[in-house]
Amino acid sequence: MKKLREFFHRIEPDKKEHPLLHTLYDGLFTFFFVPNTVTTQGAHIRDKVDLKRVMVTVVLALTLCYIFGIWNIGHQHFLAIGQYTGLFEGLHLKFAFGLAKILPIFIVTHLVGLGIEFYYAAKRGHSIEEGFLVSGALIPLIMPPDIPLWILAVGVAFALILGKEAFGGTGMNVWNIALLARVFIFFSYPAVISGDEVWVAGLEAAKPGAAAQYGWIETYIFNPLFQLLGLSTFPDSATVVDTFSGATPLSLAFSGGWDAVTARFSPAELWFGAIPGSVGEVSKPLILAGMAILLITGVASWRIIAGGLLGAAITAWLLNLWGATPMMQIPWYYHFYLGSALFAITFMATDPVTASTTPMGKWIYGLLIGFFGIIVRVINPAYPEGWMLAILFMNTFAPLIDHIVIEMKIKRRLSRAKV
Amino acid sequence: MKRVLFSAFFFYSSALHAQSVEEVLPKFHALIAGLTFLFLIFYIGVPQYALYRARGWVGDRKRRYSRPTRVLPVRLPDYVRGKKVHILRQGHDIALSGVPRNKLIDRTIRHYAIQPTNFRGIFPIPKLTVQVGDRVKAGDVLYYQRYQPKIQHVAPVSGEITAINRGRKRSIIEVVIAADEQTEYKPLQPPDWKNSSREELVEFLLQCGAWPLFNQRPYDIIPPIDAVPRDIFISTFSTAPLAPDYDMIVNGHGEAFQMGLNVLTRLTSGKVHLGLNANGIYPPASEYTEATGVEKHWFYGVHPTGNVGVQIHHIAPIRPGDVVWTLTVQQVIQLGKIWTEQKWVADRVIAITGAGAEETGYVRTKVGANIGELIGEPHEKTRYISGDVLSGETKAPHQFLNWQHEMVSCIPEGDYFEPFGWLIPSRVAPSRSRTLANFVFPNKVFDGDTNTHGEKRAFVMSDDYDGLLPMDIPLYHLMKAILVNDYDKMEQLGIKELSEEDVALAEWRCTSKQPLQQILRRGLEMWREQEM
């Protein structure tokens, strides 16, 4: 480690001559080493924790979702073409297929995102802040696996430049960056992200009889590799089976209620996560594990999570009482089995920068996210899922909630001063 | 270990042939729960912390009776039974090693200094009445304030003025006195505290140089001479890290302490409030509990409960326009000795503390003692701090203890690189974040060092400061109001109730390493300029 540090000191570029290079160097160095800066003013000792550790906790809480998502991309593909339909059959193929889909998304997100981040950090003359660590881990998880990479790049660039850097960088943004990237794609290129057909990857079209498509990674890298190892390879030609339907549980729920959903997916399957959907949102136990990590380490606000779950449950229960459409009749607890409710409340709503900042405000913020998320999902026919919009909407109103809470506090302080 | 792995393998191998999700689900749940548990154990560093040598608390006289919890009822010690106790549930005790031992250390201290920079608001440079080479007695005037010549600062010891050190823009930073072996005192004739008028008392206090003993809140300044404080507050305990034992300090000075309180009752239009410690196993010293003529308030809670600002907030908060005074216990004793001994006895008991201290304990000395002579042999890799580690000031061995401080904290400098310290910490340090295992081992005591453990960032985590300030003040929003120069909001959110030491704990905790004390002082100075 000492040698590595000496090596770093040797290659340090000049800050004045090469600001961008120095920013890059600084980012890399502080990744390897916590620097030796000592306190100069104020408190002489400082807490061991820093922003890097807080942010990386969220990323680590997402890793299980990544692993499961990679498998599920492959699993859904092979279910569609009717091969290796068992959960553990063709594991290597499923993981290889999933990796081939998610790695390019991950790489493009980070190339574009980190590029913009580094550029602005160098331009402003401060070190790289860790904000994109979490955004960059979240973005691939909320995209459909087949998304065209250029659209992804445009979406990420939009979110970072207009959503974050225009406001002053990490800690200053009004809206959640990951959701901003998604909402940009959602409204600009609706065909690639909404609708039923997009959630199963590697098909010519999401209908029976369509051919399965494989890219060069599968054909020229994984196939020879698996042949060498004596494993089964990707099929040369395969077509989608006749019984296939690309419908997501949510679209089924909207048209036919809970019965339509359970006719295709059992509740256990929905909970386990072997269903079509965005990469990260499918497996509920893994999201709950992530939630446990965030809550135990105190990184996410328990008030927002509790508020969100409570708000969603109460709204869904009230809609149960109304029961006008099939979707309204879905028992309130099954709403957490569907779509991205848990994922959004755990990882998106709890972003500390865009959420409310007062304890009381966090409750209100969480409750309203739960409320709007369910309302959009159940009542609005135009959008298949409401969490993205609910959270962005409440991001916009979080400062207002804080303002009201603080004004209440000031009023209480004033009344105390008069006594 | 092998058996565990084998049984796990057999447990899960049967699942590989499962055809439906229902068969797999229970095992999946068990696997995920196990993995999450293992991840948490290793990620927050339980092995590191478990292997770290735990040092016990040093000395049990001041051990806490019990720890306050956020919700559950607290167990109060017997000696406060039937009394009203302010129970403060917020705050945090940073457990550092080097708690001062209950013994006196013998140190010969020859050099003392009065430092104009210790007093806020002396503007411009004060007018010196002595020169290098002059001889002074304890109680002789050294300098007075230019705009308010009645406020004089006097020598704590008798001896020769050896240096007048100047800082930026020719400001005076130290008036150094080489002390005689036997202190000669200038005799004082204090008026009768009971029967003379307040004006006579004030006139005498100004004349004998005792005025700088008073500290005015808000702003922490020497009060203007015509101010009448609404109340006077004295905290008789400190909860700061490594804080001295105030029972040790008052020991043998009961009479002077009571006399100081008597004088104070004459100076305020309101009351003199004494904050008493309800945290210890044993009751606080009888000098405190049996003091007369004052209001006594019991406080139970962790740091910053002992801070006088926090106590004011719970006894009688500072409202807009209010002015209160605060004193430390040693300053009250010093004030009392003007009457009991008829001279300027600027004695102090100073605690030498911290992991970097050669020997911890207490030193009997006077105000403004030389740091190097206090600590013994200085060490290069140690930082010497006048005051506590949260809100004190760094001092070189040739510098001097600040006027209001009662301890020297010696902690190791932390100028080391830590490979992947943010991900897999190889060193342990105090922390309140649950991303580290400190919360699993609440009784571990750490050396602590001056490393910042990360770089400065923008405000991100909004709940960092929650539960660190037992006052009705939203610290996060107050800081943001100061940063955007929002005068009204600052005041409405309670900036005038705060002092640096009250936000120091939140600054320690801040994930983004923001300088909260500096920001707060900026806001306070902005307001002070407005009111001048």
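# Exercises on a predicted two-chain model

The domain assignment divides chain A into domain 1 (2-32), domain 2 (50-294) and domain 3 (300-419). The structure is a predicted model, and the exercises below work through parts of both chains.

**Exercise 1. Find how far apart the C-alpha centres of domain 1 and domain 3 of chain A lie.**

Step 1. Take the bounds from the assignment: residues 2-32 for domain 1 and residues 300-419 for domain 3.

Step 2. The C-alpha centres of these two domains of chain A are 44 Å apart.

**Exercise 2. Check whether the span of helix α4 (residues 91-124) of chain A agrees with its number of residues.**

Step 1. The helix has 34 residues, and the rule allows 1.5 Å a residue. The expected span is taken as 1.5 Å times one less than the number of residues.

Step 2. This gives an expected span of 50 Å for α4(A).

Step 3. The end C-alpha atoms of α4(A) are 47 Å apart, so the two values agree.

Step 4. Look just past the end of α4(A): A:Gly125 has a positive phi of about 75° there.

**Exercise 3. Describe the side of chain A that touches chain B.**

Step 1. Count the residues in the contact: 64 come from chain A and 78 from chain B.

Step 2. List the elements of chain A that give two or more residues to this side: α2 (19-32), β1 (33-34), α3 (51-80), α11 (267-272), α12 (284-296) and α16 (387-418).

Step 3. Pick out the largest share, which is the eight residues from α3(A).

Step 4. Sort the residues of this side by class: 33 are nonpolar, 19 polar and 12 charged.

Step 5. Turn to strand pairing between the chains. β1(A) pairs with strand β19 (residues 418-419) of chain B through two bridges, in the antiparallel sense. In this pairing, A:Val34 is opposite B:Glu418 of β19(B).

**Exercise 4. Compare chain B with a compact globule of 532 residues.**

Step 1. A compact globule with 532 residues would have a radius of gyration near 24 Å.

Step 2. Chain B has a radius of gyration of 26 Å, which agrees.

Step 3. Add the outline: along the principal axes, the C-alpha atoms of chain B fill a box of roughly 100 × 50 × 45 Å.

Step 4. Add the burial: 49% of the 532 residues in chain B are buried.

Step 5. Add the contacts. Taking those in chain B between residues at least 6 apart in sequence, 70% join residues at least 24 apart.

Step 6. For secondary structure, chain B has 14 helices and 19 strands.

**Exercise 5. State which strands pair with β14 (residues 347-353) of chain B, and in which sense.**

Step 1. Begin with strand β15 (residues 361-366) of chain B: six bridges join it to β14(B), and the sense is antiparallel. Here B:Arg348 has B:Thr365 as its bridge partner.

Step 2. Go on to strand β18 (residues 407-412) of chain B, which runs parallel to β14(B) and is joined to it by three bridges. Here B:Thr353 is opposite B:Ser409.

Step 3. Check the burial of β14(B): six of its seven residues are buried, and the strand is mostly covered.

**Exercise 6. Explain why β3 (127-128) and β6 (152-154) of chain B stand at the edges of their sheet.**

Step 1. Write down the order of the open sheet of chain B, β3-β5-β6, with antiparallel pairing.

Step 2. β3(B) and β6(B) each have a single partner strand, so one side of each is left without a neighbour in the sheet.

Step 3. Examine one pairing: strand β5 (residues 141-144) of chain B runs antiparallel to β6(B), with three bridges between them. B:Tyr143 is opposite B:His153 in β6(B).

Methods:
Residues are numbered from 1 along each chain as its sequence is written. Chains are lettered from A and ligands numbered from 1 in the order in which they are written. This is a predicted model: local features need pLDDT of at least 70, side-chain atom pairs count only at pLDDT 80 or more; totals for chains, interfaces and linings use all residues. Two residues are in contact if their C-beta atoms, placed from the backbone, lie within 7 Å. Helices (H or I, at least four residues) and strands (E, at least two) are DSSP runs, numbered from the N terminus. Ala, Val, Leu, Ile, Met, Phe, Trp, Tyr, Cys and Pro count as nonpolar, Asp, Glu, Lys and Arg as charged, and the others, Gly among them, as polar. Two strands pair if DSSP finds at least two bridges between them. Domain bounds come from an automatic or database domain assignment. The radius of gyration is taken over C-alpha atoms; the globule rule is 2.2 Å times the number of residues to the power 0.38. A residue is buried if 20 or more other C-beta atoms lie within 10 Å of its own, exposed if 12 or fewer, and partly exposed in between; C-beta atoms are placed from the backbone.
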